[in-house]
Amino acid sequence: MLYLWVLGCYFFLFATFAQANYTLNIVTENFPKFQYLNGEGELVGSAVDKVKAVLDESKINYRISVQSWTTAYNTAARDENTCIFSMAKNEVRSEKFNWIFPISKFTTSFYALKSSQISLETIEDTKQYKVAVIKDNYSHQFLIKNGFIEGYNLVLINSFDRVFELLATRRKFVDLVILSDNQFEFKRQNEPNSALLEPVLTLRNLDTELYFACNKGLSPHVMRRITSSYEKLKLN
């Protein structure tokens, strides 16, 4: 009996020690207003508040790193101990990740310089122009599915941080950018030059849900704790 008691204590202490030393890797990108680095270099935004609330409730140690979308996406797809936010769910991604909890809905539009006087009625109309899109993001995959061709009418970029300069100075290379409407509204409020842009076509069929998602290989125990915490908090 004493042996079993000692053995039980050993396994309990080992499990406690292992849990205390476990850290979940979380990756994300700059994507205002959902998540972005403020002037002090702090990661803030509505998605950040929601993700931290759930993870803090789960009592799981975690670290969040901000990367380019392509790096974050590939890291989450490759590394078992990694989760990602805010990621839109589509047919290309649905089987690659475990979709743990929703964060928010968003809509997407094509934007152009007001001075360009571009007028669009359908997505087919946009194919005569060169459209800038972030590599591997939801819009990139959507446009490829709808017949856009990389290097012809689709220009891949790593960031929209300087989207106005992209349109204003590279008119021979880029005519349109595709942005979430929340992202543009944030830019309009914080970057005066963004007022020179306007939405020219809103993709009504591209409104979708953003999620906190994890690599398929993540421990089921960790996923259950996160899911349980989300359900306990009843966040909308």
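Here are some notes on this predicted model, covering its cavity, its pocket, its nonpolar cores and a few backbone oddities.

1. Let's start with the empty space inside. Rolling a probe the size of a water molecule over the atoms shows where empty space is left. How many cavities of 30 Å³ or more turn up? The count is 1 cavity, and its volume is about 200 Å³. Its lining is made of 19 residues, and those nearest the centre are Glu 29, Phe 31, Phe 106, Asn 137 and Tyr 138. Strands E5 (82-88), E6 (97-113) and E9 (176-180), along with helix H5 (138-145), are the elements that put two or more residues into that lining. If you're thinking about what the walls look like chemically, they split into 11 nonpolar, 6 polar and 2 charged residues.

2. Next, the open space. The largest pocket comes out at about 270 Å³. It is lined by 18 residues, with Asn 30, Pro 32, Ser 159, Phe 160 and Asp 161 closest to its centre. Which element gives the most to this lining? That's helix H7 (residues 181-190), with 4 residues. By class you get 7 nonpolar, 7 polar and 4 charged residues around the pocket.

3. Pro 32 deserves a second look. Besides sitting among the residues closest to the pocket centre, Pro 32 is joined to Lys 33 by a cis peptide bond, with omega at about 0°. Lys 33 itself belongs to the loop between E1 and strand E2 (36-37). There is a cis bond from Phe 85 to Ser 86 as well, with omega near -10°, and Ser 86 is in strand E5. For context, most residues other than glycine have a negative phi, and most peptide bonds are trans. I'd look at both spots on the screen.

4. On to positive phi. Lys 59, not a glycine, has phi near 65° and is found in the loop between H2 and strand E4 (62-66). Asp 136 has a positive phi too, about 75°, and its place is the loop between strand E7 (131-134) and H5. Are these two residues buried or exposed? Lys 59 has a relative accessible area of 58%, so it counts as exposed. Asp 136 has 15%, and is therefore buried, the cut-off being under 20%.

5. Now the nonpolar packing. In soluble globular proteins, nonpolar side chains tend to be buried together. The largest nonpolar core here has 27 residues, and Leu 24, Phe 85, Phe 101, Ile 103, Phe 212 and Ile 226 have the most contacts inside it. At least two core residues come from each of strand E1 (24-28), helix H2 (46-58), E5, E6, strand E10 (197-215) and helix H8 (220-233). Which of them gives the most? It's H2, with 5 residues. Note that Phe 85, one of the residues with the most contacts in this core, is also on one side of the cis bond to Ser 86.

6. Ile 226 is a handy place to see that core from. Setting aside neighbours within four places in sequence, Ile 226 is in contact with Leu 24, Val 54, Leu 55, Ser 58, Ile 60, Ile 100, Phe 101 and Phe 212. There's also a second, separate core of 26 residues, which includes Phe 97, Leu 113, Ile 157 and Val 174.

7. A polar side chain worth a click is Thr 126, in helix H4 (residues 123-126). Thr 126 counts as buried because its relative accessible area is 0%. What does its side chain have for polar company? A polar atom of the Thr 126 side chain lies 2.6 Å from the backbone oxygen of Ile 123. Not counting residues up to four places away in sequence, Thr 126 touches Phe 110, Leu 120, Val 131, Phe 148, Leu 176 and Leu 201.

8. Last one: Val 66, in strand E4. With 31% relative accessibility, Val 66 is partly exposed. Val 66 and Leu 37 are 29 residues apart in sequence, and their C-alpha atoms are 8.5 Å apart in space. Leaving out neighbours within four places, the contacts of Val 66 are Thr 28, Glu 29, Asn 30, Leu 37 and Leu 43. Two of these names have come up already: Glu 29 is among the residues nearest the cavity centre, while Asn 30 is among those closest to the pocket centre.

Conventions
Residues numbered from 1 in each chain as written. Predicted model: local features only at pLDDT ≥ 70, side-chain atom pairs only at ≥ 80, totals over all residues. Heavy atoms only, no water. 1 Å grid on protein atoms, 1.4 Å probe; cavity = no way out; pocket = protein on both sides within 12 Å on 5 of 7 lines; lining within 4 Å. Points joined across faces, edges and corners; volume = space filled by probe spheres on them. Nonpolar A, V, L, I, M, F, W, Y, C, P; charged D, E, K, R; others polar. Buried < 20%, exposed > 50% of the residue type's maximum accessible area, 1.4 Å probe, protein only. Polar contact = N/O pair within 3.5 Å; in protein donor to acceptor, adjacent residues only side chain to side chain. Contact = heavy atoms within 4.5 Å. Core = buried A, V, L, I, M, F, W, Y, C linked by side-chain atoms within 4.5 Å.
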